[in-house]
Amino acid sequence: MQSADMRNFSQGWKILVAIFLLGLSFPYSQGYNVKSKVFLSPKFVLGPGSVENKFYYGIDFPRGHIALKSFDAEVTDEAGNPVPLHETYLHHWAVEKYYGRKDAELLEYNGNRLLRESDYISARNDGICQTNILEQDFGLGSETRGTATHIPDPYGLEIGNPATIPAGYEERWFLNVHAIDTRGVEDRLGCTECKCDLYNVTVDEYGQPLKPNYRGGLACCYDGTQCRLSNGFEGARRSLSLRYTVKWVDWETSIVPVKIYILDVTDKETRFSDSTGFSIQHHCQIEYSVEPCKASDVADNGCVHTKRTSVTMPTSGYIIYGVAHQHSGGIGAALYREDGQLMCSSIPAYGNGMEAGNEAGYVVGMSTCYPKPGSLRITDGETLIVESSYSSSREHTGVMGFFYILVADRVPESSSFLGVFNKMDSDINHSAFVWGAFVLAGVAVIAAAVGYRRRNKYEDGYQPIMI
């Protein structure tokens, strides 16, 4: 019959073996070799009250079969200094992958985003809005400096896979920058909310009359428009750029690829049957308006306007990241299951200073969700609820309520080893854990001593180690 000490010693070795197995099962725990590079967009020139909203094709971007880990951006001046939002408001930026024909002319700018179909193949995200709507891979707005975009290990956005690039084409990227210079304007918030009367606009960028009762939004602050300045204000035009930092790792089989879904609170689904069976058509409107509350609303809901919609997910998978996009006046967005279970919430942070990244009254960051891997699963055809809330103490035009989620179709393979550890743990008592810790500590000390001895033997000659 074994003594208690012997049993505890044996179980201590079980702990050591379990830890060893876990170490083998998490190759990514060592960390990937993350690479980083800073790029600049083509320069754009803005004067007080003017608007930039251009598409730049073939921008500088990392090449090769890689996994993107993050994309961060901000507006800078010619000296490289960050430009605060109260001078140049970053309405939004978006970057998107496409396939360009190798022998086609590489366009640096095309305001209407119209390339010849033979020269361009869209490589949009996985949805879920209709064609040409919210197709970007990354994109934020005024909150960009304070919002995390990091994709946690072992996940990554796979790009540059030769097997997915059509013959005769190459992978390229375009960038859309929508910025508004608010120096000296009559109504700074009104200009950032694109109120039509401040821009003296009655037709959209394509020359079509605005819809009745359309008071503000993207249709009134397109490229080249001018927001009303205060009487007598004069200011210099200046050259600006979007500085963007991309981080990535070389592709490895241990990396779990993610899909991008952008859910829009203005989406309205239409269900119908066709030759392929049951289908869903989406109608994302991108923006909406918030009417000012009435006196009676103060007691009922505190002047909070909440908009909700239901969306159907086309595939199953595990959410590993989530973040919302809102404008000034936003007080938060959330993603729910149909039964009301909260899956992710994203809350805006407002600045309280003058410096870039902390501008008073502006949304300078959005909180993010990083669920425990495997804990937040969605099923094929599951209905999710998107909710966006804004203060309605005053009118807001052109507001947005997007929810950006990254979904992996599987959990890391190494998670299967957790079952081994849990099974072993069920037979391990506290005393055994002490034995295991003692053994592990002893192994660590010996390993450190051997490593030190080897290192000094080759670098400085043999030296005795004092323990």
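Mentor: A salt bridge here is a side-chain nitrogen of Lys or Arg within 4 Å of a carboxyl oxygen of Asp or Glu. Keep in mind that this is a predicted model. By that rule, the structure holds 22 salt bridges.

Trainee: What makes Glu52 and Lys54 a salt bridge?

Mentor: The distance. Their side chains come to 3.4 Å, N to O, and the cut-off is within 4 Å, so the pair qualifies.

Trainee: And why is Glu52 called buried?

Mentor: Glu52 has 2% relative accessibility. Buried means under 20%, so Glu52 belongs in that class.

Trainee: Let's try Arg172 and Glu170. What makes that pair a salt bridge?

Mentor: Here the N to O distance is 2.8 Å. Set that against the limit of within 4 Å, and the pair therefore counts.

Trainee: Why is Arg172 called buried, and why is Glu170 called partly exposed?

Mentor: Arg172 sits at 7% relative accessibility, and buried means under 20%, so the label fits. Glu170 comes out at 33%. Partly exposed runs between 20% and 50%, so Glu170 goes there.

Trainee: How do you know that Glu193 and Lys195 form a salt bridge?

Mentor: Check the N to O value again: 3.6 Å for Glu193 and Lys195. The rule asks for within 4 Å, so they pass. Glu193 is buried, and Lys195 is buried too.

Trainee: What makes Glu74, Arg145, Arg243 and Glu359 one network?

Mentor: Shared partners: the salt bridges among these residues have partners in common, and that joins the four into one network.

Trainee: On to the pockets. How much space lies in the second largest one?

Mentor: About 380 Å³. The second largest pocket is lined by 20 residues, and the closest to its centre are Lys97, Asp126, Leu157, Glu158 and Val258.

Trainee: Why do Lys97 and Leu157 count as lining residues?

Mentor: A lining residue has an atom within 4 Å of a pocket point, so each residue on that list has passed this test.

Trainee: Which strand gives the largest share of the lining?

Mentor: Strand 11, with four residues. Strand 5 (88–101), strand 8 (155–159) and strand 11 (256–264) each supply at least two.

Trainee: How does the lining divide by residue class?

Mentor: Into eight nonpolar, four polar and eight charged residues.

Trainee: And for the protein chain as a whole, what share of residues counts as buried?

Mentor: Of its 467 residues, 47%. The protein chain has six helices and 25 strands.

How values were computed
Residues are numbered from 1 along each chain as its sequence is written. This is a predicted model: local features need pLDDT of at least 70, side-chain atom pairs count only at pLDDT 80 or more; totals for chains, interfaces and linings use all residues. Side-chain values use heavy atoms; hydrogens and water are left out. Buried means under 20% relative accessible area, exposed over 50%, partly exposed in between (1.4 Å probe, protein chains only). On a 1 Å grid over the protein atoms alone, a cavity is a set of points where a 1.4 Å probe fits but cannot get out, and a pocket is an open set with protein on both sides within 12 Å along at least five of seven lines; lining residues have an atom within 4 Å of a point. Grid points are joined across faces, edges and corners, and a volume is the space filled by probe spheres set on the points. Ala, Val, Leu, Ile, Met, Phe, Trp, Tyr, Cys and Pro count as nonpolar, Asp, Glu, Lys and Arg as charged, and the others, Gly among them, as polar.
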